[in-house]
Amino acid sequence: MDPPGLLPVMTALHRRRFLRGAAGLALAVALAGCNESTNDTATPASTPTVTPTLAPTPTATATPTASPTGTPTDSPTETASPTPSDAATARAFVQGLADGAFEQAHGRLAPTAANQLTVDTLERLWLGLTAQHGDFEEIGGVEQTSANGQPAIVVTVRCPEADQPVRCTVDGSGAIAGLLFPAQYSPPTYADESAFTERSVTVAGSDSDSESDSNCSLPGTLTVPASASGGGSGDGGTVPGVVLVHGSGPNDRDSTLGPNKPLRDLAWGLASRGVAVLRYDKRTAACNVPLADWNIDNIVVGDAVRAVELLGEQSEVDPARRYVVGHSLGATCTPRIAERVDLAGGAMLAGSARPITDVVREQVRYVLSVAGGLSDAEEQQVDAVEQALTRVENGEIAADRRVQGLPGSWWSSLLDYDQVATARQVDTPLFVGQGGRDYQVTADGDFQVWESELADRADTEMQLYPDLSHLFQSGSEPSIGSEYNFHDNVAESVVTDLVDWIGETSG
């Protein structure tokens with residue numbers, strides 16, 4: 001894990017990782033967990049590779065992750081009143097960001113910081129802050145603090161959804177030498193931690209004879225409502241159960257992304273309302289999987305099926321009321337999961353309805369243009385990605401050959417899978433949820449397809465949440481990957497809608 005966002009003192013490796021992430025902001029990640037350098041010959045060496053994703057995965061960011069106790073590892077401690085000159089410098093720098101004067105703000109950075117934080121990076125970080133917390137309202141205060149024994153200035157930015165501290169260090173010349181946007185995970189207010197308990201479980205690997213550890217077992221967590229004792233009906237009896245299926249990337253069981261843990265939010269929200277939930281570390285996070293073995297069955301579907309079977313074995317869970325709630329890639333795969341295991345229902349949150357190559361094309365162009373159009377270099381990058389995707393579509397990529405960070409076997413498995421046709425064929429009740437602000441899986445490009453193609457399908461519920469992002473968090477336009485650097489929780493409306501749907505379909 002990187003140091004918590006102290007940009008000017010990052011190691012060279014961490015600096016490269018941060019700038020790669022900031023330039024694409026959450027798109028320098030892989031569709032199912034491959035963050036390594038690529039051998040994509042269709043991408044010019046002089047152009048950084050942008051690997052789009054159906055769901056963001058953690059990159060080095062400007063925000064700290066929460067420690068196990070929920071306290072930032074470098075939490076500042078108030079020490080004294082700010083020195084007038086340093087406080088004024090920090091205030092002016094933050095006000096410049098708020099005013100959109102990113103060139104001017106960049107001019108206030110010390111040389112080392114300026115080399116690490118481009119004008120574009122500053123703009124994208126600020127856009128991410130306001131996308132997550134709402135439009136800037138005012139500077140709420142300026143305080144002097146200390147972090148790791150060094151003095152710092154914290155400027156509080158007030159927005160409608162939340163206040164965001166911006167921590168700056170000022171060097172002897174009066175320049176901004178360090179910048180941090182502190183953020184940490186906190187549970188949603190709708191989660192009642194006294195209403196459930198948690199215990200460790202293990203999702204078994206497959207029964208294949210592979211000599212690699214791609215078949216290793218996956219550690220997980222079962223969240224059980226306090227009202228469920230198992231072995232009976234009614235109060236204190238069995239309850240419905242849900243398996244949560246991650247989006248793209250080597251996700252842990254919470255789908256941790258910076259200070260956000262959307263699958264934990266869902267688990268705790270559902271369990272607070274009487275639904276047991278099983279979540280587990282993804283195979284690409286827990287195991288080594290040979291590239292040629294990468295496909296949606298090995299990485300997503302098989303493990304989800306075994307998790308559903310494990311869920312049904314728990315004494316507190318009614319095996320006739322087992323559900324899958326998939327997010328992003330997990331949502332896209334939910335119809336296939338429903339084909340292979342008996343479910344009472346499958347919920348698809350931000351599931352793509354289009355071929356993966358079409359989704360990737362749109363993501364790349366959006367991410368590169370959202371902060372002000374495409375430069376000539378970015379147009380070249382779009383062209384290079386287009387060439388690589390065309391090769392994928394033409395079946396020109398070997399199973400273990402990477403394109404945009406992912407092996408040919410992975411691309412082929414997604415292109416061979418028709419999630420819409422599969423959803424039409426299964427008789428499992430479906431719930432399709434979509435955030436209106438989502439730029440990774442979109443309301444126009446995907447949700448409308450689901451609405452149209454499943455319009456005559458029985459037992460299908462559609463829910464569009466106009467103000468929610470890909471992580472189903474509320475915010476402001478434009479949606480941008482850097483908003484995931486800032487903390488929020490899955491909207492309560494999503495949890496309550498899922499609970500209502502489970503109640504309606506479980507009989």
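**Entry 1: a strand pair**

I started with strand E8 (residues 239-245) and strand E10 (residues 317-327), which pair in the parallel sense over 6 bridges. Looking along E10, I found Val-324 standing opposite Val-243. Note to self: this is a predicted model.

**Entry 2: the sheet around it**

Next I followed the sheet outwards. It is an open one of 8 strands with mixed pairing, in the order E6-E7-E9-E8-E10-E11-E14-E15. E6 and strand E15 (460-465) are the edge strands, since each pairs on one side only. On average, neighbouring strands here are turned by 20° against each other, direction ignored.

**Entry 3: helices on the sheet**

Then I looked for helices that touch these strands. Helix H6 (residues 262-271) lies across E6, strand E7 (218-225), E8, strand E9 (276-280) and E11. H6 runs at about 160° to E9. Helix H8 (residues 296-312) packs on the sheet too, touching E6, E7, E8, E9 and E10. The direction of H8 makes about 150° with that of E10.

**Entry 4: helix H11**

I wanted to check the length of H11, residues 356-369. At 1.5 Å a residue, its 14 residues should span 20 Å, and the end C-alpha atoms are indeed 20 Å apart, so the two agree. I then listed its buried residues: Ile-356, Thr-357, Val-359, Val-360, Gln-363, Val-364, Val-367 and Leu-368. Seen down the axis of H11, these fall within an arc of 150°, so they line one face of the helix.

**Entry 5: Arg-354**

Is Arg-354 buried or exposed? I placed it in the loop between strand E11 (345-349) and H11. Its relative accessibility is 15%, and the cut-off for buried is under 20%, so Arg-354 counts as buried. Leaving out residues up to four places away in sequence, Arg-354 touches Val-359, Glu-362, Gln-419, Thr-442, Gly-445 and Asp-446. One of these, Val-359, is on my list of buried residues in H11.

**Entry 6: Pro-188**

Another loop residue: Pro-188 is found between strand E5 (176-180) and strand E6 (196-203). At 4% relative accessibility, Pro-188 counts as buried. Again setting aside residues up to four places away in sequence, I see Pro-188 touching Asp-265 and Asn-489. Leu-266 is 78 residues from Pro-188 along the chain, yet their C-alpha atoms are separated by 9.4 Å.

**Entry 7: the whole chain**

Last, I stepped back. The protein chain has 16 helices and 15 strands. Of its 507 residues, 58% count as buried. Among contacts with a separation of 6 or more, 72% come from residues 24 or more positions apart. The accessible surface comes to about 18900 Å², and 46% of that belongs to carbon and sulfur atoms.

Technical notes:
Residues numbered from 1 in each chain as written. Predicted model: local features only at pLDDT ≥ 70, side-chain atom pairs only at ≥ 80, totals over all residues. Heavy atoms only, no water. Helix = DSSP H or I, 4+ residues; strand = E, 2+ residues; numbered from the N terminus. Expected span 1.5 Å × (residues − 1). Buried < 20%, exposed > 50% of the residue type's maximum accessible area, 1.4 Å probe, protein only. Arc of directions from axis to C-beta. Contact = heavy atoms within 4.5 Å. Areas by Shrake-Rupley, 256 points an atom, 1.4 Å probe, with all protein chains shown as cover. Pairing = 2+ DSSP bridges. Axes fitted to C-alpha atoms, helices over the stretch in contact; angles between N-to-C directions.
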